[in-house]
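What follows is a walk through one protein chain, taken contact by contact. Keep the structure open while reading.

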Amino acid sequence: MQQRESLRCLIASGGTAGHVLPSLAVAEALRERGVSVTFAGSPDRVEARLVPEAGHELDTFRVQGFPRRPSVALARALLLAAKAPLECRSILERRRPHVVLGGGGFVAGPMVVAAATERIPAALTEADAHLGLANRLALPFARRVLLAYPLPGRRENGKYRVVGRPIPRRSRTMEKDEARRLFELPEDGPVLLVYGALAGARSINELAVEAFGDAGPPVLHLSGERDYESVCARVSREDYKLLPYTDHFGAALSAADLAVSRSGGTVWELAAAGKPGILIPYPHATGDHQAKNAEHFERAGGAIVVRESELDTVPALVRTLLEDPARLERMGESMRRAARPNAADEIAEELIGLATSRR
C-alpha cells in the first residue's frame, strides 16, 4: 500500500456528464487504493462544475470537437487542437503523474498524446459500442484501451480489454421502498421511469407527457432543464413526478420497474440496477453508437429497442410490460447478467499496473 500511496494519476475527461461521471467513479476507486488523482478538462464544460463538486482539482485547457464540414468553426477547432498538447505538457510537468487516463471527450486525446511525448503511460476508456474520433486519433499513443463493449476488430489482448462502464456514485441503488419515499411515489404497484440525457430528450419528453400526463401508471420523469417548464404545464396528476434532474439517479432506478430512455452510457447503470428498459437510441449519434449500445442489451434479453421513427408504439409496449411482472423479472435478471458492476475497480487496477511497471 505504501507504494500505491505515492502514485499520482491524472484523468482527462470532459464535454458531457456521460464522460465525466464514470471518470469520477474511477477516481474514487483509485483513491480507495491510496492513489492521488487530479483532473484536466475544459474551463467551460460540465467538468468545470462536476469535478470540483466531487472534491478533485481540475486543470483546464481549451479544445473542442471538430465540425464535420469545412467552416470557420473547423479552422478554430484545428487551431485549438494544435495548441492543446503543449498546454497538456505544461499540466503534466506541473502535476507529474505516473499514469494518465483519457476518460472520454475531446480533452482526452491531446492529454494522451502529450503523455506519450513525456514517456508517461496512458490508457483510454471507450464508453460506447463505437470508437469515437478523439479515441481513434489517440489510439497509437495509449498503452491500454479499456472498452465498455466488445468492438469488431478489437480483440482482447495486451492492449484492448472489455471491462464495461464505471458506475458513478450517484447511480448506486437502494431499497425500492426507500427510493419511492424519496420521490413521493406510491408504495405499491409498478412505476415507470422516463429519462433522456442530462439536457433531456425532447421527443421522449413529448412522448411521455402526451401518453401518461393525464392518466396511466405512476411515472418518475427526469426531463432535463431545457424542456422542464414546457412539460410541467402538461402534467395533471399527483403520481406523475416530474423533475428536471436528480442527484439521486440510483434511487430513481431503484424506485422503478421499467425505464424508457435513450441508450447512452446510462444503460450500464440501468443494467447494474437490474432494471428492464425500452431503449430509444438518439438517431443522430455519431456512428449510430446509441443503437449499437441498445442492441447489446437487447441481445442479452434485458431491453427492447425502439427506433425514433416508431415512438408511437411505446405507450402500448409500456402497458404490456407493466402488466406482465414475470416478464419484467426475467428481463431484469438478464440486465444484471449483462452488467459489469466492477468496471471502475478493474480500470483502477489497470492504471496502477501501468504506473508501477514504469517505476
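Y149 and W268 are both buried. The model is a predicted one, and these two residues make a convenient place to enter it. Their ring centres are 5.1 Å apart and the planes stand at 55°. An angle above 60° would count as edge-to-face and one under 30° as stacked, so the pair of Y149 and W268 is tilted. In sequence the two residues are 119 apart: Y149 sits in the loop between β6 (144-147) and β7 (160-162), and W268 belongs to helix α11 (residues 267-272).

W268 has a second ring partner, F297, with 5.0 Å between the centres and 80° between the planes, an edge-to-face pair. This contact again links distant parts of the chain, since W268 is in helix α11 and F297 is in helix α12, 29 residues apart. Through these ring pairs Y149, W268 and F297 form a cluster. How far are the two partners of the second pair covered? W268 has a relative accessible area of 2%, and that of F297 is 0%. Both values fall under the 20% limit for buried, so W268 counts as buried and F297 does too. The whole model holds four aromatic pairs.

Helix α12 leads from the rings to a sheet. The helix covers residues 289-300 and lies across β12 and β13, running at about 135° to β13. β12 (residues 277-279) pairs with β13 in the parallel sense over three bridges. In one of the pairings between residues, L279 has V305 of β13 as its bridge partner.

These two strands belong to an open sheet of six, ordered β10-β9-β8-β11-β12-β13, with parallel pairing. Which strands stand at the edges? They are β10 (240-243) and β13 (303-305). Each has a single partner strand, so one side of each is left without a neighbour in the sheet. On average, neighbouring strands in this sheet are turned by 15° against each other, direction ignored.

Other helices pack against strands of this sheet. In α8, eight of the eleven residues are buried, and the helix is thus mostly covered. The buried ones are S203, I204, N205, L207, A208, V209, A211 and F212. Their cover includes the strands β8, β9 (219-222), β10 and β11, along with the helices α9 (228-232) and α13.

Helix α13 (residues 314-322) has V314, P315, L317, V318, L321 and L322 buried. Viewed down the axis of α13, the buried residues fall within an arc of 160°, so they line one face of the helix. In an α-helix there are 3.6 residues a turn, so residues three or four places apart point the same way. The buried residues of α13 pack against the strands β8 (192-195), β11 (258-261), β12 and β13, and against the helices α8 (202-212) and α14 (325-338).

Charged side chains supply another set of links. Side chains of opposite charge can pair when their charged atoms come close. The count of salt bridges comes to 24. E350 takes part in a salt bridge with R144, where the closest N and O atoms are 3.2 Å apart. E350 lies in helix α15 (residues 343-358) and R144 in strand β6, 206 residues apart along the chain. E350 also forms a salt bridge with R161, with the closest N and O atoms 2.7 Å apart. Since R161 lies in strand β7 and E350 in helix α15, the pair ties together parts that are 189 residues apart in sequence.

Are the members of these bridges buried or partly exposed? E350 is buried, at 17% relative accessible area. R144 counts as partly exposed at 25%, and R161 is partly exposed at 28%.

A further salt bridge returns to helix α11. R165 and E269 are joined with their closest N and O atoms 2.6 Å apart. R165 is in the loop between β7 and α7 (176-183), E269 is in helix α11, and 104 residues separate them. R165 and E269 are both buried. Elsewhere in the model, a network of salt bridges links E57, D59, R94 and R95.

Note on methods
Residues are numbered from 1 along each chain as its sequence is written. This is a predicted model: local features need pLDDT of at least 70, side-chain atom pairs count only at pLDDT 80 or more; totals for chains, interfaces and linings use all residues. Side-chain values use heavy atoms; hydrogens and water are left out. Two strands pair if DSSP finds at least two bridges between them. Helices (H or I, at least four residues) and strands (E, at least two) are DSSP runs, numbered from the N terminus. Axes are lines fitted to C-alpha atoms, for helices over the stretch in contact, and angles run from 0 to 180 degrees between N-to-C directions. Contact means heavy atoms within 4.5 Å. Buried means under 20% relative accessible area, exposed over 50%, partly exposed in between (1.4 Å probe, protein chains only). The arc is that of the directions from the helix axis to the C-beta atoms. Rings of Phe, Tyr and Trp (its six-membered ring) pair if their centres lie within 6.5 Å; planes under 30 degrees apart count as stacked, over 60 as edge-to-face and the rest as tilted. A salt bridge is a side-chain nitrogen of Lys or Arg within 4 Å of a carboxyl oxygen of Asp or Glu.
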